[in-house]
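Q: I'm new to this one and I'd rather get to know one part well than skim everything. Could you pick a good place to start, look at it closely, and then show me what sits around it?

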Amino acid sequence: MKPRELPIKELIEKLKEEHASLPATIDDAVITYKTGNLSGAFPVIAEVRETLSQHIIDEEGVVLKFLIDKIGKEASEPYIKILQDHTGIMKMVEQSVESTYTGWTETENDLNALKETLAKHHKQEEEELFPKVLSLL
Ligand SMILES: [Fe+2]
Ligand SMILES: [Fe+2]
């Protein structure tokens, strides 16, 4: 997967849209699952994984790279810390996918935990990382 080729400002808009829509997509997976439609819920979780994979590549490969080029690695440290959440987030996504293979009993909890972690992470990106990058354009 390669970073999306968009100007930084538009890319950040896109990332914010995804922050706004991911919780509803995750809810969708839970609702679909709860109605007993397992084969319908799986693609929704797969879509969350796909969206987040691209999203993370863009944040690390474009947004962070831009920041480091502009202000250097040392000054970028607090922002690098925010993006280090990505490892844990993708682990939670994989955990959610795996729990669907073993009977879905844990999937709802996994997805709700993912949603909570994402909410905190997105808030930090929108309050700290994105404004910093936009101020340097
Ligand atoms: Fe992120
Ligand atoms: Fe993000």
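A: What follows is a close look at one helix, then at what surrounds it.

Keep in mind that this is a predicted model. To get your bearings, the protein has four helices and zero strands, and from the N terminus on the elements simply run α-α-α-α. The C-alpha trace spans about 50 × 25 × 25 Å along its principal axes. Of the 137 residues, 20% are buried.

The part to look at is helix H2, residues 38-83. H2 has 46 residues, and a straight helix of that length would reach 68 Å at 1.5 Å a residue. Yet the end C-alpha atoms of H2 are only 32 Å apart. Look along the helix for a bend and you'll come to Gly72, where H2 turns by about 120°.

Now see which residues of H2 are tucked away. The buried ones are Ala41, Ile45, Val48, Asp58, Glu59, Val62, Val63, Leu67, Ser76 and Tyr79. Notice how the numbers are spaced in places, such as Ala41 and Ile45. An α-helix has 3.6 residues a turn, so residues three or four places apart point the same way. The cover over the buried residues of H2 includes H1, H3 and H4.

Let's take those neighbours in turn, beginning with helix H3, residues 85-101. Two packed helices are described by the angle between their axes and the distance between the axes. Here the axes of H2 and H3 come within 9 Å and cross at roughly 170°. That's over the 145 degrees used as the cut-off, and H2 and H3 are therefore roughly antiparallel to each other. On the H2 side, the residues that make this contact are Phe42, Ile45, Val48, Arg49, Leu52, Ile56, Ile82 and Leu83. On the H3 side they are Asp85, His86, Ile89, Met90, Val93, Ser96, Val97 and Thr100. As for its length, H3 has 17 residues that should span 24 Å, and its end C-alpha atoms are 25 Å apart, which agrees.

Some of those names come back in the largest nonpolar core, which has 11 residues: Leu22, Ile26, Ala29, Tyr33, Ala41, Ile45, Val48, Val93, Leu111, Leu114 and Leu118. Helices H1 (8-34), H2 and H4 (107-135) each supply at least two of them, and H1 gives the most, with four. If you want one residue to hold on to here, try Ile26: setting aside residues up to four places away in sequence, it touches Val48, Leu111, Leu114 and Lys115. There's also a second, separate core of nine residues, which includes Leu15, Tyr79, Leu129 and Val133. Tyr79 is one of the buried residues of H2 as well.

H1 has another residue worth finding, since Ile12 sits in that helix. Ile12 counts as buried, with 23 C-beta neighbours inside 10 Å. Leaving out neighbours within four places in sequence, Ile12 is in contact with Val63, Phe130, Val133 and Leu134. Leu134 is 122 residues away along the chain from Ile12, but their C-alpha atoms are separated by 8.6 Å. Long-range links show up across the protein, too: among contacts between residues at least 6 apart in sequence, 69% join residues at least 24 apart.

That leaves H4, and the loop that leads to it. H3 is followed by Gly103, whose phi is positive, near 105°. Trp104, in the loop between H3 and H4, has a positive phi of about 70° although it is not a glycine. Most residues other than glycine have a negative phi. Trp104 is partly exposed, with 15 other C-beta atoms within 10 Å.

H4 itself has 29 residues and reaches 40 Å from its first C-alpha to its last, close to the 42 Å expected. There is still a kink in H4, about 40° and centred on Glu125. Buried in H4 are Thr107, Asp110, Leu111, Leu114, Leu118, Glu125, Leu129, Phe130 and Val133, and these residues pack against H1, H2 and H3. Asn112 lies in H4 as well, but it is partly exposed, with 14 other C-beta atoms within 10 Å.

To come back to where we began, H2 bends at Gly72, and its buried residues have cover that includes the other helices, H1, H3 and H4.

Conventions. Residues are numbered from 1 along each chain as its sequence is written. Chains are lettered from A and ligands numbered from 1 in the order in which they are written. This is a predicted model: local features need pLDDT of at least 70, side-chain atom pairs count only at pLDDT 80 or more; totals for chains, interfaces and linings use all residues. A nonpolar core is a set of buried Ala, Val, Leu, Ile, Met, Phe, Trp, Tyr and Cys residues joined through C-beta atoms within 7 Å. A residue is buried if 20 or more other C-beta atoms lie within 10 Å of its own, exposed if 12 or fewer, and partly exposed in between; C-beta atoms are placed from the backbone. Helices (H or I, at least four residues) and strands (E, at least two) are DSSP runs, numbered from the N terminus. Two residues are in contact if their C-beta atoms, placed from the backbone, lie within 7 Å. The expected span of a helix is 1.5 Å times one less than its number of residues. The bend at a residue is the angle between axes fitted to the seven residues ending there and the seven starting there. Axes are lines fitted to C-alpha atoms, for helices over the stretch in contact, and angles run from 0 to 180 degrees between N-to-C directions. Angles under 35 degrees count as roughly parallel, over 145 as roughly antiparallel, 65 to 115 as roughly perpendicular and the rest as oblique.
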